[in-house]
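Here is a short tour to read alongside the sequence and the model. Keep the view open and follow along.

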Amino acid sequence: MSENSTRSVTVIGLGPMGQAMVRAFLAAGVEVTVWNRTAAKIDAMAELGARRAATVADALDANEVTVLSLTHYAAMYDVLGQAPDRLPGKTIVNLSSDSPARARAGAAWVREHGARFINGGVMSAGDVLDHPASYIFYSGPRADFDAVAELLRPLSPQEYLGEDDGLAQLYYQGLLTVFHPWLLAFEQAIALIANAGHDIDAFVGFAVRSNAAFPHFMESMSAADQQGGWADLASLKMMEAGARHVVEASEEAGVDATLSRTAQSFYRRAVAASEEAGKAVSAFELMRRGAA
Ligand SMILES: NC(=O)c1ccc[n+]([C@@H]2O[C@H](COP(=O)([O-])OP(=O)(O)OC[C@H]3O[C@@H](n4cnc5c(N)ncnc54)[C@H](OP(=O)(O)O)[C@@H]3O)[C@@H](O)[C@H]2O)c1
């Protein structure tokens with residue numbers, strides 16, 4: 001890469017995340033060319049100093065490296081499929097979310113069309129790329145990642161995981177597996193307090209304080225999971241009863257308890273499986289066996 005080309009990049013996909021990426025690149029002095037399916041979103045980026053590409057072909061031609069920030073991998077085919085003849089020799093960095101299998105298939109498709117491919121999962125606090133907790137998982141060929149790492153550095157700290165094209169999405173989806181129910185459970189807790197007519201601000205401080213114990217549970221549970229999972233019949237029964245109490249407390253306050261019913265059902269199944277097997281069966285083990 002020439003000196004000039006390492007300081008310029010194309011960004012395709014201007015949702016909240018793509019726009020945050022454009023702003024981060026521009027703030028670092030990187031020249032940015034942008035394209036988006038809905039052209040109106042280009043205007044705000046052009047006002048900040050980004051160059052407009054009229055077509056996907058122009059966007060790919062503008063730089064050696066193109067970053068995709070799209071809703072899913074299906075959108076990548078819709079976009080790059082408009083100008084596949086412009087792919088040879090380029091590097092595509094797809095920072096869109098999807099399953100590991102779709103990321104691997106996408107990597108193969110891009111390489112079949114003559115471009116290098118790196119996949120990433122953006123572990124940001126919302127779209128705040130410069131939040132101290134934000135970072136990005138990357139996977140794909142090491143040499144191809146190294147070739148673009150410096151250019152991509154303005155986005156967020158980098159965590160290169162390995163050559164498996166699905167690895168960034170595996171870790172990303174693994175962490176979102178925790179995030180989505182955590183966020184919804186927090187909303188359920190706030191709804192419980194609100195519907196009961198009590199002060200949300202007074203409660204939240206305790207929620208934050210309780211979170212400090214979560215690393216302890218992650219460490220002890222992951223150690224137990226490597227030995228078959230946390231399974232002790234009395235504890236599983238206690239957890240089933242505890243989840244039932246949350247369901248009852250939520251319903252007393254008129255709050256939707258679907259999440260807590262799901263939690264309760266796992267512990268109930270683990271108790272039943274343990275009694276049937278004559279030895280303790282963990283919820284982790286049930287999950288590894290697949291859908292009930
Ligand atoms: N936003 C966040 O806080 C956040 C945080 C971490 C990770 N992420 C991930 O980053 C990616 C982008 O996030 P986002 O919030 O910007 O997503 P988004 O609002 O879904 O926007 C993504 C972009 O995808 C484009 N798009 C979708 N389908 C398309 C298609 N079939 N053909 C062409 N373009 C298509 C949209 O174009 P139009 O404008 O034309 O609709 C838009 O520019 C997602 O994979 C998301 O999971 C987001």
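## Strand E1 and its sheet

In this predicted model, strands E1 and E4 (residues 65-68) run parallel and are joined by three bridges. One residue pair to look for is isoleucine 12, whose bridge partner in E4 is leucine 68. As a reminder, strands of a sheet pair through backbone hydrogen bonds, either parallel or antiparallel.

Stepping back, the strands form an open sheet of eight, in the order E3-E2-E1-E4-E5-E6-E7-E8, and the pairing is mixed. At the edges are strand E3 (51-52) and strand E8 (158-162), each of which pairs on one side only. Helix H6 (residues 142-152) packs on this sheet, where it touches E1, E4, strand E5 (91-94), strand E6 (116-123), strand E7 (135-139) and E8. The direction of H6 makes about 175° with that of E8.

## Threonine 10, inside E1

Threonine 10 belongs to strand E1, which covers residues 8-12. Is threonine 10 buried or exposed? Its relative accessibility is 0%, so threonine 10 counts as buried.

The side chain of threonine 10 has a polar contact, at 2.9 Å, with the side chain of asparagine 63. Leaving aside residues up to four places away in sequence, threonine 10 touches Thr33, Ala59, Ala62, Asn63, Val65, Thr66 and Val67.

## E5 and E6

Further along the sheet, E5 and E6 also have a parallel arrangement, with four bridges joining them. Here isoleucine 92 stands opposite phenylalanine 117 in E6. Strand E6 is largely enclosed by the rest of the structure, because seven of its eight residues are buried.

## Asparagine 36 and the ligand

Now turn to the loop between strand E2 (31-35) and helix H2 (40-48), where asparagine 36 is found. With a relative accessible area of 10%, asparagine 36 is buried. Which backbone atoms does its side chain reach? One is the backbone nitrogen of leucine 14, at 2.8 Å, and another is the backbone oxygen of threonine 38, at 2.9 Å. Not counting residues up to four places away in sequence, asparagine 36 touches Gly13, Leu14, Lys41 and Ile42.

Asparagine 36 also appears in the ligand's surroundings: of the 23 residues around the ligand, the closest are Asn36, Thr38, Lys41, Thr71 and Ser97. Serine 97 places a backbone N or O atom 2.7 Å from an oxygen atom of the ligand. For arginine 37, a polar side-chain atom lies 2.9 Å from a ligand oxygen atom. Glycine 126 has a polar backbone atom 3.2 Å from an oxygen atom of the ligand.

## Helix H7

Helix H7 (residues 167-195) contains 29 residues. From its first C-alpha to its last it reaches 42 Å, close to the 42 Å expected at 1.5 Å a residue.

The buried residues of H7 are Leu167, Ala168, Gln169, Tyr172, Leu176, Gln188, Ala189, Ile190 and Ile193. After the helix comes glycine 197, which has a positive phi near 80°.

## Helix H11

Does the span of H11 agree or disagree with its residue count? At 1.5 Å a residue, its 20 residues should span 28 Å, and the end C-alpha atoms are 28 Å apart, which agrees. In H11, Ser260, Gln264, Tyr267, Ala270, Val271, Ala273 and Ser274 are buried. Their cover includes H7, helix H10 (233-252) and helix H12 (283-289).

Alanine 272 is also part of H11, which covers residues 258-277. Alanine 272 counts as partly exposed because its relative accessibility is 42%. Its C-alpha atom is 9.9 Å from that of leucine 236, and the two residues are 36 apart along the chain. Just after H11, glycine 278 adopts a positive phi of about 75°.

## The whole protein

Finally, zoom out. The protein has twelve helices and eight strands, and its C-alpha atoms fill a box of roughly 65 × 45 × 30 Å along the principal axes. Of its 292 residues, 41% are buried. Among contacts between residues at least 6 apart in sequence, 59% join residues at least 24 apart.

Technical notes. Residues are numbered from 1 along each chain as its sequence is written. This is a predicted model: local features need pLDDT of at least 70, side-chain atom pairs count only at pLDDT 80 or more; totals for chains, interfaces and linings use all residues. Side-chain values use heavy atoms; hydrogens and water are left out. Helices (H or I, at least four residues) and strands (E, at least two) are DSSP runs, numbered from the N terminus. Buried means under 20% relative accessible area, exposed over 50%, partly exposed in between (1.4 Å probe, protein chains only). A polar contact is a pair of N or O atoms within 3.5 Å; within protein, one must be able to donate a hydrogen and the other to accept it, and residues adjacent in sequence count only if both atoms are side-chain atoms. Contact means heavy atoms within 4.5 Å. The expected span of a helix is 1.5 Å times one less than its number of residues. Two strands pair if DSSP finds at least two bridges between them. Axes are lines fitted to C-alpha atoms, for helices over the stretch in contact, and angles run from 0 to 180 degrees between N-to-C directions. A residue is near a molecule or strand if one of its heavy atoms lies within 4 Å of it.
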